[in-house]
Amino acid sequence: MPRKNIAAGNWKMNKNYEEGLVLARNLLVKSSASDALMILATPFIHLKEVGEIIKGQPHLRLAAQNCHPEKSGAYTGEISLDMLKSVGVTHVILGHSERREYFHESNELLAQKVNAVLENGLTPIFCCGERLDIREAGTHVSYVADQIKESLFHLSAEDFGKIIIAYEPIWAIGTGVTASPEQAQAMHREIRQMIAGKYNATVADNCSILYGGSVKPGNAVELFGQPDVDGGLVGGASLKAEDFCAIYDAFGKSES
Ligand code: PEP
């Protein structure tokens with residue numbers, strides 16, 4: 001499948017039940033459908049109702065922020081893919097840096113989650129990205145390459161074609177510091193070349209690679225205008241309907 005432009009909003013652990021539904025309804029009203037996808041990664045409690053709110057809208061999709069790789073069982077506090085599918089989830093964020101850091105998710109565990117998401121016919125949004133010390137040491141490309149190799153490169157070309165990648169430099173997440181469009185483009189290009197090297201140019205060309213890290217209405221046009229940046233994974237700015245819709249509307253507006 002050819003790559004798509006995507007604005008994915010990661011609500012993280014924000015919004016109580018009512019507040020979340022208000023946000024979803026506002027997004028429905030304020031977003032003008034286009035060829036780009038708007039994906040809403042809500043907390044678990046919102047999924048079913050937000051799924052109802054966005055039902056039938058061709059540009060809107062529902063995502064979970066995590067899942068457990070096992071089918072079911074004694075995993076207190078966890079959620080299975082069967083549960084997520086049963087409320088209309090189509091995408092699952094995997095390997096967000098917050099889950100890697102606070103919940104010690106390894107590349108190996110993420111490979112299991114990627115497999116489980118694909119086996120269930122859902123789309124993984126696989127996050128990768130380096131800490132500031134790694135960027136400063138100049139080893140960010142090989143660090144991100146290892147994350148991708150260890151969690152994704154066991155996949156067949158066909159399965160890899162179902163993955164969305166989100167490059168999120170940790171130093172830019174929630175900090176207000178955004179990677180420059182040139183820094184984002186350089187890493188996205190590296191990632192696309194890694195994929196071409198492992199699979200082929202068509203698989204690489206067809207992979208949607210999102211940038212995440214303080215994307216805002218004011219920088220989205222320039223970031224999304226980079227040739228290898230296919231959209232954004234957005235945290236803070238996805239919590240306000242006006243801001244997230246402005247980010248969604250940024251596709252195709254760049255001169256570059
Ligand atoms: C994120 O959490 O994935 C993220 C990019 O957050 P923010 O947009 O707030 O930097």
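In the predicted model, C245 has a relative accessibility of 5% and is therefore counted as buried, the cut-off being under 20% relative accessible area. C67 is likewise classed as buried because its relative accessible area is 0%. With respect to cysteine pairing, a search of the whole structure returned 0 disulfides. C67 accordingly takes part in none, and the cysteine sulfur nearest to that of C67 belongs to C127, at a distance of 12 Å.

The surroundings of C67 lead to the nonpolar interior. In soluble globular proteins, nonpolar side chains tend to be buried together. In this model, the largest nonpolar core comprises 69 residues, of which V92, I148, L152, F160, I165 and I191 touch the most other members. When neighbours within four places in sequence are left aside, V92 is in contact with C67 itself, with A64 and N66, with L81 and L84, and with V117, L122, T123, P124 and I125. A further core of 13 residues lies apart from the largest one, and its members include A8, I125, A166 and L233.

The ligand is surrounded by 14 residues, of which K12, E168, G174, S214 and G235 are the closest. By residue class, this shell divides into 8 polar, 4 nonpolar and 2 charged residues. Polar contacts to ligand oxygen atoms are made by side chains as well as by the backbone: a polar side-chain atom of K12 lies 2.5 Å from a ligand oxygen, a polar side-chain atom of H96 is placed 2.9 Å from an oxygen atom of the ligand, and a polar backbone atom of G235 is found 2.8 Å from a ligand oxygen. Of the 290 Å² of accessible area that the ligand has on its own, 97% is covered by the protein.

Conventions. Residues are numbered from 1 along each chain as its sequence is written. This is a predicted model: local features need pLDDT of at least 70, side-chain atom pairs count only at pLDDT 80 or more; totals for chains, interfaces and linings use all residues. Side-chain values use heavy atoms; hydrogens and water are left out. A residue is near a molecule or strand if one of its heavy atoms lies within 4 Å of it. A polar contact is a pair of N or O atoms within 3.5 Å; within protein, one must be able to donate a hydrogen and the other to accept it, and residues adjacent in sequence count only if both atoms are side-chain atoms. Accessible areas come from the Shrake-Rupley method with a 1.4 Å probe; for residues, only the protein chains shown count as cover. Ala, Val, Leu, Ile, Met, Phe, Trp, Tyr, Cys and Pro count as nonpolar, Asp, Glu, Lys and Arg as charged, and the others, Gly among them, as polar. A nonpolar core is a set of buried Ala, Val, Leu, Ile, Met, Phe, Trp, Tyr and Cys residues joined through side-chain atoms within 4.5 Å. Buried means under 20% relative accessible area, exposed over 50%, partly exposed in between (1.4 Å probe, protein chains only). Contact means heavy atoms within 4.5 Å. A disulfide is a pair of cysteine sulfur atoms within 2.5 Å.
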